[in-house]
Amino acid sequence: MKILSAKQLAEADKISIKKQGITSEELMERAASLVFEEIHHRLENRPIPIKIFCGIGNNGGDGLVIARKLMEHDYKVKVYIVNYSNKRSEDFLSNYDKLKALSKGWPVQLKGENDLPELNKGDFVVDSIFGIGLNRPIEGWMAKLVNHINQSGAFILSVDMPSGLFPDQAQEKNAAIVKADYTLSFQAPKIAFFLPETMDYVGNLQILDIGLDREFIGTLESNHFLITSEYARAIYKTRNKNTHKGDYGNVLIAGGSYGKIGSVMLTATAALRTGTGLCSLFIPECGYEIIQTGLPEAMVLTDSDSKMITEFPVEFEADAICFGMGVGTDEKSISALRNMLEHTRNPVVIDADGLNILSMKNELMELLPENSILTPHPGELKRLIGEWKDDFEMLDKVKAFSKKYKVILVVKGAHTCTVQNDSVMINNSGNPGMATAGSGDVLSGVITSLLGQSYEPISAAVLAVYLHGAAGDIAAKEFGFESLLARDIANNIGRAIRQLFNEP
Ligand SMILES: NC(=O)C1=CN([C@@H]2O[C@H](COP(=O)(O)OP(=O)(O)OC[C@H]3O[C@@H](n4cnc5c(N)ncnc54)[C@H](O)[C@@H]3O)[C@@H](O)[C@H]2O)[C@@H](O)CC1
Ligand SMILES: Nc1ncnc2c1ncn2[C@@H]1O[C@H](COP(=O)(O)OP(=O)(O)O)[C@@H](O)[C@H]1O
Ligand SMILES: [K+]
């Protein structure tokens with residue numbers, strides 16, 4: 001699904017109004033009615049105090065429509081107009097009149113910090129102050145209002161955007177932004193919903209299709225996409241009946257050191273669970289019995305060193321190679337990675353200490369085969385690309401790095417971003433239970449497996465990230481966040497694949 005900018009969405013509003021022969025007020029009625037329906041569906045006429053904060057632009061206009069519809073359904077509604085200027089939008093004004101006609105009274109006008117209304121824990125707040133029209137940070141008494149709403153303990157539903165959040169540009173530190181429990185956003189996701197510095201403002205996210213012109217949206221260019229299950233399904237390749245293990249890749253996973261053999265075991269388990277035909281590990285000698293006993297499906301080659309990798313079996317003909325988990329950064333292991341890169345033409349997967357080695361020995365970057373996949377978490381990423389001042393600069397630096405070295409970066413996090421050149425594919429599956437040791441090792445195994453099964457490198461990365469998160473979600477249903485182990489993610493990859501086809 002395309003992630004669109006505020007400018008593109010405003011354009012799509014305009015074009016849709018024209019093509020559908022409707023007024024902007026009718027479009028507002030349509031969009032806000034969908035929000036009303038979501039609220040009505042959840043509250044089921046319970047007498048919860050609903051407090052709606054409306055700005056004076058079109059986001060505020062949405063709030064007025066929502067208020068009117070809720071009143072028509074006998075909800076207990078109080079409307080506050082955040083009256084920061086006299087420039088009310090036309091559609092705000094006509095809905096203001098409609099609301100007045102219905103309620104026979106005036107909404108409460110807020111004009112300064114002395115007007116902040118009482119809010120209680122059990123209240124249901126609708127935040128309709130600013131949407132995608134925000135063009136500067138919220139300041140002065142309105143910032144105090146935002147903090148007042150945030151500290152109230154009320155349930156907060158934001159309409160289109162949490163007010164104060166820029167959809168597609170960097171935010172000032174300590175900016176006043178509504179911290180929503182739930183955001184109902186119109187038509188397309190906005191990038192700020194997924195970036196580490198701003199995702200917490202959004203709460204649960206739902207995108208409402210307000211029926212903007214599909215043809216026009218199809219023509220809009222965006223470098224940013226949200227990975228959906230439909231997209232993952234389209235990438236996935238089914239198996240023929242007439243087939244054998246040789247059709248599903250022979251992968252080689254090189255890693256581990258004394259005390260860290262578990263990492264490669266997790267990677268290999270995940271590769272096998274993702275369908276790899278033949279899985280071999282290259283590990284220091286100390287891991288031989290551990291792997292042969294713990295994972296009989298895998299084959300093992302050992303280094304001459306008992307505790308770390310010092311060489312690479314360059315004669316091994318692998319369909320995909322993964323290097324790095326648990327390796328350490330000893331000079332001897334660095335030469336093992338150099339040796340591997342000097343003898344490999346196909347894209348490889350580099351994770352963990354493999355990435356740390358690349359950061360230490362920049363010249364090795366030049367040896368990476370085109371379209372190799374690097375899977376840094378934020379700490380490893382900093383070592384690779386240096387510090388960044390905000391998430392947008394981070395994305396720019398990652399894009400530049402991808403172009404310079406012709407590699408794919410999988411920037412891991414709550415919403416993992418897979419970056420190739422200028423394009424960013426954002427993942428929405430997964431959960432906080434996956435913040436546990438070894439879950440990154442599992443992801444590398446899934447990616448390597450798909451690479452070995454002849455998926456295009458970018459498809460392997462994107463599908464793997466999606467399935468890894470979906471498998472984590474299935475595992476969390478069984479174990480809860482706290483008990484989830486990395487191996488549970490690997491063991492649920494099959495269920496995540498079946499779920500793509502609604503076969504739980
Ligand atoms: N016909 C349409 O265009 C539709 C618009 N919709 C709603 O309209 C919203 C966008 O409306 P608007 O463009 O009117 O913008 P907003 O309602 O988001 O903001 C209103 C105006 O406030 C001013 N402003 C921005 N930041 C400010 C700040 N920090 N302090 C003080 N003033 C500030 C700007 O001049 C801005 O245009 C969407 O988010 C959505 O909720 C929906 O009703 C769908 C249809
Ligand atoms: N809150 C979260 N939501 C979704 N996914 C998460 C979350 N926390 C961690 N993950 C996923 O778990 C993995 C963690 O990887 P990493 O930090 O390398 O762990 P390790 O080094 O222990 O293997 C990544 O794929 C990341 O996207
Ligand atoms: K809002």
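## Surroundings of ligand 2

A residue is counted as near a molecule if its C-beta atom, placed from the backbone, lies within 6 Å of that molecule. In this predicted model, there are 18 residues around ligand 2, and those that come nearest are Gly430, Met434, Ala435, Ser439 and Gly440. Sorted by class, the shell around ligand 2 consists of 10 polar, 6 nonpolar and 2 charged residues.

Two helices, H14 (439-452) and H15 (457-483), each provide at least two residues of the shell around ligand 2. Of these, H14 gives the most to that shell, with 4 residues.

## The contact of H15 with H17

Helix H15 also meets helix H17, which covers residues 493-500, and the axes of the two helices come within 8 Å and cross at roughly 105°. Since angles of 65 to 115 degrees count as roughly perpendicular, H15 and H17 are therefore roughly perpendicular to each other.

On the H15 side, the residues that take part are Leu467, Ala470, Ala471 and Ile474, and they meet Ile493, Arg495, Ala496, Ile497 and Gln499 in H17. By class, the residues of this contact divide into 7 nonpolar, 1 polar and 1 charged.

## The annotated binding site

An unreviewed UniProt entry carries the annotation "binding site" for Lys412, Gly413, Ala414, His415, Thr416 and Gly440. These residues span 29 residues in sequence, yet no two of their C-alpha atoms are more than 13.5 Å apart, so they gather at one spot. Gly440 from this annotation is also among the residues that come nearest to ligand 2.

Two of the annotated residues can be described in further detail. Histidine 415 lies in the loop between strand E15 (408-411) and strand E16 (417-420), and threonine 416 is found in the loop between E15 and E16 as well. Histidine 415 has 21 other C-beta atoms within 10 Å and is buried, while threonine 416, with 26 other C-beta atoms within 10 Å, is likewise buried. Leaving aside residues up to four places away in sequence, histidine 415 touches Phe194, Met199, Ile426, Asn427 and Asn428. With residues up to four places away in sequence again not counted, threonine 416 touches Val410, Val411, Asn427 and Val465.

## The span 9-218 and lysine 190

UniProt, again in an unreviewed entry, places the feature "domain: YjeF N-terminal" at residues 9-218. The C-alpha atoms at the ends of this span lie 12 Å apart, and the span is 37% helix and 16% strand.

Lysine 190 is located in the loop between strand E6 (182-186) and strand E7 (204-208). Lysine 190 is buried, with 27 other C-beta atoms within 10 Å, and, not counting residues up to four places away in sequence, it touches Ile3, Met161, Pro167, Asp168 and Ser185. Lysine 190 and phenylalanine 225 are 35 residues apart in sequence, and their C-alpha atoms are 9.7 Å apart in space.

## Surroundings of ligand 1

There are 26 residues around ligand 1, of which Gly57, Asn58, Asn59, Gly131 and Gly133 come nearest. The helices H2 (24-43) and H3 (58-72) each supply at least two residues of the shell around ligand 1. By class, that shell has 12 nonpolar, 10 polar and 4 charged residues.

Note on methods: Residues numbered from 1 in each chain as written. Chains lettered and ligands numbered in written order. Predicted model: local features only at pLDDT ≥ 70, side-chain atom pairs only at ≥ 80, totals over all residues. Nonpolar A, V, L, I, M, F, W, Y, C, P; charged D, E, K, R; others polar. Axes fitted to C-alpha atoms, helices over the stretch in contact; angles between N-to-C directions. Parallel < 35°, antiparallel > 145°, perpendicular 65-115°, else oblique. Contact = placed C-beta atoms within 7 Å. UniProt positions renumbered as here; feature names shortened; annotations may be inferred. Buried ≥ 20, exposed ≤ 12 C-beta atoms within 10 Å, placed from the backbone.
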